[in-house]
Amino acid sequence: MKMNIKIENLLINRNSTIREIMRVINANRIGVSILVEKESNKFISMVTDGDIRRALLKGFGLNSCIDEVPRVGNATTVQSDTPLSDVMQLFSDKIRVIPILDNKYRVIDLHLSDNRRRIAVAQPFFDDKEIDLVNECIVSGWVSSNGKFVEKFEEMVARHTGTKYAVSCNSGTSALHLILMAHGIGAGDEVIIPSLTFAATANAVTYTGAKPIFVDSDIETWNIDVSKIEIAITKNTKAIIPVHLYGHPADMDPINKIAKEFDLIVIEDAAEAQGASYKNRMVGSLSDAATFSFFGNKIITTGEGGMVVTNNLEIAEKCRLLRNHGMTKDKRYWHEVVGYNYRLTNIQAAIGVAQMGKIDLIIQKKLSVAKEYNNLLKGVEWITLPPNKSFANSVYWLYTIIINEDKAGFDVNTLMKVFKKNKIDSRIVFYPLHTLPIYKTNEEFPVSEKLHKMGISLPSAPDMDKKDIKEITDIIISQGGL
Ligand SMILES: *Cc1c(COP(=O)(O)O)cnc(C)c1O
């Protein structure tokens with residue numbers, strides 16, 4: 001960031017005392033002074049408040065001259081025509097102010113590194129409530145998985161989702177693993193999932209010994225292409241896991257219809273879509289069971305964490321058993337099955353309770369971020385906005401667009417580089433799993449491949465500044481004019 005500062009007010013010379021320099025530094029909010037030669041004003045070095053602090057600690061007094069202090073200050077400089085991208089490279093933990101020199105080595109302006117300017121793709125939305133409840137755990141000593149917040153958090157998620165039961169666990173991935181095991185899915189079984197999802201969906205299937213079977217995406221919802229499910233079904237198929245990608249619900253009615261016809265279980269991977277709805281019913285309540293994730297970038301977070309939701313008591317109980325070492329509920333140290341330690345801690349649940357108290361506010365804020373992007377990007381002919389089907393209320397987990405590179409004249413990688421230079425975070429769309437070495441198949445799923453190649457997720461934190469959204473969309477749109 002270039003500043004327009006009155007440089008005269010920052011100048012000091014070799015004869016300036018530490019006291020004088022402290023006055024100069026104190027009078028400006030940047031925390032720096034500029035050491036120059038007396039007559040010519042030729043630049044020598046920057047002297048910061050940190051330099052003065054170190055000089056005092058070394059034993060120099062307020063009346064010492066700066067010239068007596070050895071190796072003080074920093075002399076990294078640029079010229080007025082140095083490109084901003086080069087300037088950015090020079091900033092570091094030590095160098096936060098870089099003077100701009102004219103051809104007589106006089107300082108004409110300053111570049112300031114502004115670390116606040118980094119715009120993140122996602123950010124947790126916290127207030128005092130999280131701090132208070134975590135504090136309560138510490139003070140009371142209930143820090144592991146016993147404690148009142150675990151059940152309270154489960155109740156709150158169940159109520160918000162509209163399911164009877166919720167079983168918390170330590171990640172969205174373990175939630176998927178638990179619910180698959182609870183349904184008895186294992187070796188020899190096949191589970192149908194979209195190729196375009198976060199790898200955890202397939203990994204959890206693999207943990208059980210079952211095989212993930214991939215299906216291409218639908219270009220309108222970016223979710224599993226319902227018309228391609230039936231041909232993927234074999235005699236070994238046991239379940240379908242639709243993923244509500246980027247917060248937009250999959251078309252659940254036809255999926256449930258196919259499942260019924262072929263006697264399959266349906267599990268929603270709702271990790272990215274907590275609070276979204278499908279035909280006015282909450283995501284997570286639309287099938288046999290569903291899973292949420294509370295990783296730091298999800299709709300709500302507990303740091304790490306996950307949840308299974310279902311209306312089936314027997315299945316919920318199986319998940320509880322497997323989550324807690326397979327230990328029988330009313331007989332301590334009696335293990336019926338080989339279980340896992342997938343428990344959520346009371347501390348994490350405390351954060352979850354605080355987060356659930358404001359989930360609707362968080363979603364409302366995410367919707368207004370999406371609305372702002374939509375308004376600024378609609379009508380750009382080479383941009384496809386995120387899915388928004390009439391049957392769905394998306395929560396726009398990450399606001400993701402498609403850049404139609406042929407018409408735009410640039411691609412997602414180019415755009416990401418420009419964002420990076422401007423300290424704006426962004427994400428590619430997941431690699432379709434059938435293209436990863438660990439899950440490679442010879443199939444071609446052109447829609448998922450296209451979404452991966454042309455999709456980009458933009459910063460979507462709930463309390464994003466409108467100015468930042470405008471800056472981001474201006475950058476995107478101006479790329480198209482080049
Ligand atoms: C985040 C995510 C998961 C996994 O959640 P973790 O809590 O990170 O284990 C699973 N599926 C999808 C679609 C996700 O986005």
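Here are five short exercises, with worked solutions, on the predicted model shown above.

**Exercise 1. The ligand and its surroundings**

Find which residues come nearest to the ligand, and work out how much of the ligand the protein buries.

*Solution.* Start with the residues around the ligand: there are 14, and G172, T173, E272, S293 and K298 come nearest.

Next, look at the polar side-chain atoms that face oxygen atoms of the ligand. For E272, an N or O atom of the side chain is 2.5 Å from a ligand oxygen. For S293, the distance from a polar side-chain atom to an oxygen of the ligand is 2.7 Å. For K298, the corresponding distance is 3.1 Å. Then turn to the surface: the ligand taken alone exposes 380 Å², and the protein buries 92% of that.

Now step back to the whole shell. Sorted by class, it has seven polar, four nonpolar and three charged residues. Two helices, α6 (172-182) and α7 (200-207), each supply at least two residues of this shell.

**Exercise 2. Cysteines and disulfides**

Count the disulfides, then explain what the sulfur distances say about C169.

*Solution.* The count is zero disulfides in the structure. Take C137 as a test case: it is in no disulfide, and the nearest cysteine sulfur, in C169, is 18 Å away.

Move on to C169. Its closest cysteine sulfur belongs to C319, at 8.2 Å, and because that is too far for a bond, these two sulfurs are not joined. To finish, check the accessibility of both residues. C137 is buried, at 1% relative accessible area, and C169 is buried too, at 0%.

**Exercise 3. Positive phi angles**

Locate D263 and H325 in the chain, and decide for each whether it is buried, partly exposed or exposed.

*Solution.* A little background helps: most residues other than glycine have a negative phi. With that in mind, take the two residues in turn.

D263 is not a glycine, yet its phi is positive, at about 60°. You will find D263 in the loop between α8 (252-262) and β12 (265-269). Its relative accessible area is 69%, so D263 counts as exposed.

H325 is likewise not a glycine, and its phi is about 65°, again positive. H325 lies in the loop between α9 (313-323) and α10 (346-356). With 34% relative accessibility, H325 is partly exposed.

**Exercise 4. Helix α2 and its cover**

List the buried residues of helix α2, and name elements that cover them.

*Solution.* Begin with the helix itself, which runs over residues 49-57; its buried residues are G50, D51, I52 and A55. Then ask what lies over them: the cover includes helix α1 (18-27) and strand β4 (43-48).

Finally, follow the chain just past the end of α2. There you meet G59, with a positive phi of about 110°.

**Exercise 5. A serine in a loop**

Place S217 in the chain, decide whether it is buried or exposed, and list its contacts beyond close sequence neighbours.

*Solution.* First, the position: S217 sits in the loop between β10 (211-215) and β11 (237-240).

Second, the accessibility. The cut-off for buried is under 20% relative accessible area, and S217 has 0%, so it is buried.

Third, the contacts. Set aside the neighbours within four places in sequence, and S217 is in contact with L196, W222, N223, D225, V447, S448 and L451.

Methods: Residues numbered from 1 in each chain as written. Predicted model: local features only at pLDDT ≥ 70, side-chain atom pairs only at ≥ 80, totals over all residues. Heavy atoms only, no water. Buried < 20%, exposed > 50% of the residue type's maximum accessible area, 1.4 Å probe, protein only. Helix = DSSP H or I, 4+ residues; strand = E, 2+ residues; numbered from the N terminus. Contact = heavy atoms within 4.5 Å. Near = heavy atom within 4 Å. Polar contact = N/O pair within 3.5 Å; in protein donor to acceptor, adjacent residues only side chain to side chain. Areas by Shrake-Rupley, 256 points an atom, 1.4 Å probe, with all protein chains shown as cover. Nonpolar A, V, L, I, M, F, W, Y, C, P; charged D, E, K, R; others polar. Disulfide = S-S within 2.5 Å.
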